[in-house]
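Biologist: Please show me the model, and then justify the terms applied to its interior.

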Amino acid sequence: MATRGALRRIAVVASPIDRSRGLLAVGGGGLVPCALGRAGITRRKREGDGATPAGTLRPVLAWWRPDRVTRPVTRLPTAPIRPDSAWCDDPADRNYNRAVRLPFAASHERLWRDDHLYDLCVVLDWNLDRPVAGAGSAIFLHLAAPGFTPTAGCIAVTEPAMRRLLSLATTETYFDTG
């Protein structure tokens with residue numbers, strides 16, 4: 001059963017000119033510019049390849065950094081990012097592709113960043129249920145860097161676009177990256 005006013009499908013389309021940029025085709029005909037992985041969209045996602053995975057990506061959890069932004073209005077589960085928040089990206093670790101707390105010995109990405117990319121961030125369900133080592137981790141919808149510079153494999157949008165998407169997203173929403 002669809003939730004009234006909710007987004008069901010968001011198509012992610014790479015630019016034919018620059019594969020690290022694209023558009024989100026949002027329900028109702030809206031187009032939202034986005035940054036993609038520096039290697040574009042791929043069907044053969046590997047850890048560290050700089051590509052955005054092709055497939056169906058569902059939002060799992062929305063994070064916000066409470067010292068910089070307000071909690072997003074959303075139907076998704078939410079949690080604040082803390083100074084000790086991180087994400088394990090070490091395929092050899094049992095916590096691979098999971099949120100972890102610092103200090104953490106294995107390879108990881110800090111979520112409490114100096115830049116603003118993760119001030120609002122959504123975990124997408126790529127390789128989450130039963131993580132396959134090396135198949136890619138930390139695929140997020142996050143805020144875009146100035147100039148929509150490429151991501152390491154995530155999808156990135158402006159803060160106003162993020163807030164709009166979050167206000168319409170549910171756990172039934174999915175990003176169709178091809």
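The exchange below takes up cysteines, the core and the cavity.

Modeller: This is a predicted model, in which local features need pLDDT of at least 70, side-chain atom pairs count only at pLDDT 80 or more, and totals for chains, interfaces and linings use all residues. Residues are numbered from 1 along each chain as its sequence is written, and side-chain values use heavy atoms, with hydrogens and water left out.

Biologist: Why is C34 called buried?

Modeller: Buried means under 20% relative accessible area (1.4 Å probe, protein chains only). C34 has 1%, so the term applies. C88, at 0%, is buried as well.

Biologist: What makes the sulfur of C34 too far for a bond?

Modeller: A disulfide is a pair of cysteine sulfur atoms within 2.5 Å. The closest cysteine sulfur to that of C34 belongs to C154, 12 Å away, and is therefore too far. By this rule there are 0 disulfides. For C88, the nearest cysteine sulfur, again in C154, is 15 Å away.

Biologist: Which residues touch the most other members of the largest nonpolar core?

Modeller: A nonpolar core is a set of buried Ala, Val, Leu, Ile, Met, Phe, Trp, Tyr and Cys residues joined through side-chain atoms within 4.5 Å. This one has 27 residues, and L24, L141, I155, V157 and F175 touch the most other members.

Biologist: What is the make-up of the largest cavity's lining by class?

Modeller: The lining residues, which have an atom within 4 Å of a cavity point, are P59, L76, V122, L141, L165, L166, A169 and F175. By class, 8 are nonpolar, with no polar and no charged residues.

Conventions. Buried means under 20% relative accessible area, exposed over 50%, partly exposed in between (1.4 Å probe, protein chains only). On a 1 Å grid over the protein atoms alone, a cavity is a set of points where a 1.4 Å probe fits but cannot get out, and a pocket is an open set with protein on both sides within 12 Å along at least five of seven lines; lining residues have an atom within 4 Å of a point. Ala, Val, Leu, Ile, Met, Phe, Trp, Tyr, Cys and Pro count as nonpolar, Asp, Glu, Lys and Arg as charged, and the others, Gly among them, as polar.
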